[in-house]
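Me: I have a new structure open and would like to learn how to read it. Can we go feature by feature?

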Amino acid sequence: MKKLAKGLLSVALTTMVLGSAMMGIAAPVKAAETPTKITLLGTSDIHGRFMPWDYALDGPNQNGSMTQLFTMIKEIRKENPNTVLLDAGDSIQDNSAELFNDQPQSPIMVAMNEMNYDAWAFGNHEFNFGLDVLDKVSSQYKGSVLAGNIYKENGERFLPAYTIIERAGVKIGVIGMNTPMITDFEKGTDHLDGLVIKNPVEETKKAVKELEGKVDVMIGLMHMGIENENGIPGTGVADIANAVPELTAIFAGHMHKLVKKEEINGVLISEPDKYATHISRIDLTFEKKDGKLVLTGKEATALPVKGADGTPAVSDAALETKLKPFHEFARADANIVVAELKGMNLVSKNEIEGIPTVQIQETPLSDFFHEVMLYYSKADVVAHQIDNDKAKLDVGPIKKKDIAYNYQYAGGEITVYKVTGKDLKDYMEWAVGYFNSTRPGDVTVSFDPKRRASKYSTNDFFGGVKYEIDLTKPYGSRITNLRKLDETPIKAEDTLKLGMNSYRMEALQAKGGALEGRKFEQLWSSKDNTAFGETGGTIRNRAIAYLKEVKKGVYEPKVQNNWKLTGVDTTAPERKDVVELINAGVLSVPKTADGKYTNIASINIKDAVTKEEITELSAKAKVDAAKFATLKTKGEFYHQLNEARKAAEKSVTPPTKTQQKK
């Protein structure tokens, strides 16, 4: 009976389940497992920004720093404890981080350890100071260090190609690669002696094979941008993504670009710009299917240190306290006085607000850097650029930070190449493409919008020669009267020694460059071991040495007058009105749509004036627009508007003391 009862009960239950199913009522099932979410965070190209401070200039900089990133990272770790923190290289160079190479500790390593980075893939700048310094600094780091495409001459890997990190049962293979361009960047040094740099595409394939069956997901940590550098195959992560679809995602770097999210061949890519201004975030979702972890979702973005309203992330107080001794050491170094400037300021005040003097005319500042470069390189001609529109150096003490402020490319050096007069002329024509061509009636010089927005200034100045730049001429034929300092004309077939930055030369020689495909013999570099080395060979440090050792601590500039711009009407009477209206805030220098870049178009006094402009500028000048209704040209309008503005200002007399009391 009991057996029968059990059988009947079983039948009854089965009937109920089937009946429920037929009626559309779901039968009870085993609860599904909650998906597992892994968050990957990636930084790159921090370049010494351990605190929100610019040490070379000795001033606060809250655009990005490791202490600010740490505040953001802590919040993300609260949100998801299954978080991995990675860095794609170029961490220990710039912002005075190299000051600590001969000190017991590097602030970057202290910060990375406190922030608990899981892995760090070397960038090209990690090798700037030689293998002994790199070993000393990197040995302080507690996480995994990766460089999968760098080998020893005996065939062994210099460092591991990958590491395996586990979170919530998910095994993550992180593959680290460095740009193969490092061989070009370190040319002339012994920094790569004993090492062989291999193709990162092939080495990534090799690492993937070694990781197969050992991990649930593979992530690239690559010190390379998306696109190939200078058009050289295998130097961008797009090539890796196309060749190695087994990768789920790649953290890119090196090119100082912000890439929130891009997908190539199914591989997700994110790059966090530069200088700790952003952190890339990649979220991966896993579910168990048939007893195996399966990736079911992936998403990427890059989070800014500064919010949309411009408010910066708070700097982590505890980490700041830990880094305070390094902060004070670097500040003290920046304020060392190296010389006294006498006679005149090196940059005159901008004549027109929004049009930087340092970019549109020869200044004693640019002449100073040429003087330094010519002295040490013994070149015939030298070239450099000034990245700071606000460059200035006034009479008085010259501190180390003043040199850095005015020459902001920390790694810039002097490399000498053997070129012809034609090569020099072609380079110069490219350089002056920074300016827009002018038309009759243009009373201001303006900049090409694309060139204005480039990563570094491409407005190169030339020393050791004399020349004019005629902006009425088309692109490619603006350089006139090119000659040596003794007035000897430079001919196309002449052989010259040209001193300049090697990175600029590589860009000029690359596909699409002004010197595309041309080869030049390299004669000397200030960073050669036989010269001044990686640190001593920078233009910044040569400038400091020149002031101290050659000028004996006193510098008195002389006006050179070696070059000038022509093709802008500086004699038109209305030009004075234009200048006064701009400086009074009535007339604006043209900007890009986002307002980021100024002076992208010249102001012309012969163009027709519109009713809209008359209305707008009259309102700004607080005068009646009706006065100008019959005017035809902008020049006429600007002149009469300026006269009316000044008359209105004179008519508004300040109240007397008696009137104020009432």
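Reply: Yes. We start with charge on the surface. A patch is built from residues with over 30% relative accessible area and no salt bridge, with like charges joined within 9 Å. Keep in mind that this is a predicted model.

Me: Which residues gather in a patch of negative charge here?

Reply: The residues are D132, D135, E153, D190 and D193. Take D193 as the example. D193 sits in the loop between helix 5 (182-185) and strand 10 (195-197).

Me: Is D193 buried or exposed?

Reply: The cut-off for exposed is over 50% relative accessible area. D193 has 52%, so D193 counts as exposed.

Me: What about charge over the whole chain?

Reply: Count both signs, then compare their centres. The protein chain has 86 positive and 89 negative side chains. The centres of the two sets lie 4 Å apart.

Me: How do I read a salt bridge?

Reply: Look for a side-chain nitrogen of Lys or Arg within 4 Å of a carboxyl oxygen of Asp or Glu. The structure holds 37 salt bridges. One of them joins R49 and D94, with the closest N and O atoms 2.9 Å apart.

Me: Why does the pair of R49 and D94 tie together parts that are 45 residues apart in sequence?

Reply: Check where each partner lies. R49 is in the loop between strand 1 (36-43) and strand 2 (53-54), and D94 is in the loop between strand 4 (83-87) and helix 3 (107-115), so the pair ties together parts 45 residues apart in sequence. Both R49 and D94 are buried.

Me: Which residue forms a salt bridge with D389?

Reply: R452 does, at 2.6 Å from N to O. This pair links distant parts of the chain, 63 residues apart. D389 is in the loop between strand 18 and strand 19 (396-399), while R452 is in helix 13 (residues 449-452).

Me: How is each partner classed by accessibility?

Reply: Treat each one separately. Buried means under 20% relative accessible area. D389 has 27% relative accessibility, so D389 counts as partly exposed. R452 has a relative accessible area of 10%, so R452 is buried.

Me: May I have another pair to practise on?

Reply: Try K473 and D470. They form a salt bridge, with the closest N and O atoms 3.8 Å apart. K473 is partly exposed, at 34% relative accessibility. D470 is buried, with a relative accessible area of 14%.

Me: Which residues are linked in a network of salt bridges?

Reply: K37, E79, R281 and D283 are.

Me: How do I read one residue in a loop?

Reply: Ask for its place, its exposure and its contacts. K378 lies in the loop between helix 10 (364-377) and strand 18 (381-384). K378 is exposed, with a relative accessible area of 52%. Leaving out residues up to four places away in sequence, K378 touches M373 and K497. The C-alpha atoms of K378 and V416 are separated by 8.8 Å, though these two residues are 38 residues apart along the chain.

Me: And how do I read a helix?

Reply: See which residues are buried, then what covers them. In helix 17 (residues 573-583), the residues R575, D577, V578, V579, L581 and I582 are buried. The cover over the buried residues of helix 17 includes helix 19 (634-651). After helix 17 comes G585, with a positive phi near 85°.

Me: Where else is phi positive?

Reply: Look at residues other than glycine. N95 is one of them, with phi near 50°. N95 lies in the loop between strand 4 and helix 3. N95 is buried, with a relative accessible area of 3%. E487 also has a positive phi, near 75°. E487 is in the loop between strand 23 (479-484) and strand 24 (495-500). E487 is partly exposed, at 42% relative accessible area.

Me: Finally, how do I describe the whole chain?

Reply: Start with the elements. The chain has 20 helices and 27 strands. Next, take the dimensions. The C-alpha atoms fill a box of roughly 120 × 75 × 55 Å along the principal axes. Then comes burial: of the 662 residues, 52% count as buried. The chain exposes about 30,600 Å², and carbon and sulfur atoms supply 52% of that area. Last, contacts. Among contacts between residues at least 6 apart in sequence, 73% join residues at least 24 apart.

Key. Residues are numbered from 1 along each chain as its sequence is written. This is a predicted model: local features need pLDDT of at least 70, side-chain atom pairs count only at pLDDT 80 or more; totals for chains, interfaces and linings use all residues. Side-chain values use heavy atoms; hydrogens and water are left out. Patches are made of residues with over 30% relative accessible area and no salt bridge: like charges are joined within 9 Å, nonpolar side chains (Val, Leu, Ile, Met, Phe, Trp, Tyr) within 5 Å. Accessible areas come from the Shrake-Rupley method with a 1.4 Å probe; for residues, only the protein chains shown count as cover. Lys and Arg count as positive and Asp and Glu as negative; His and the chain ends are not counted. The place of a charge is taken as NZ of Lys, CZ of Arg, CG of Asp or CD of Glu. Helices (H or I, at least four residues) and strands (E, at least two) are DSSP runs, numbered from the N terminus. Buried means under 20% relative accessible area, exposed over 50%, partly exposed in between (1.4 Å probe, protein chains only). Contact means heavy atoms within 4.5 Å.
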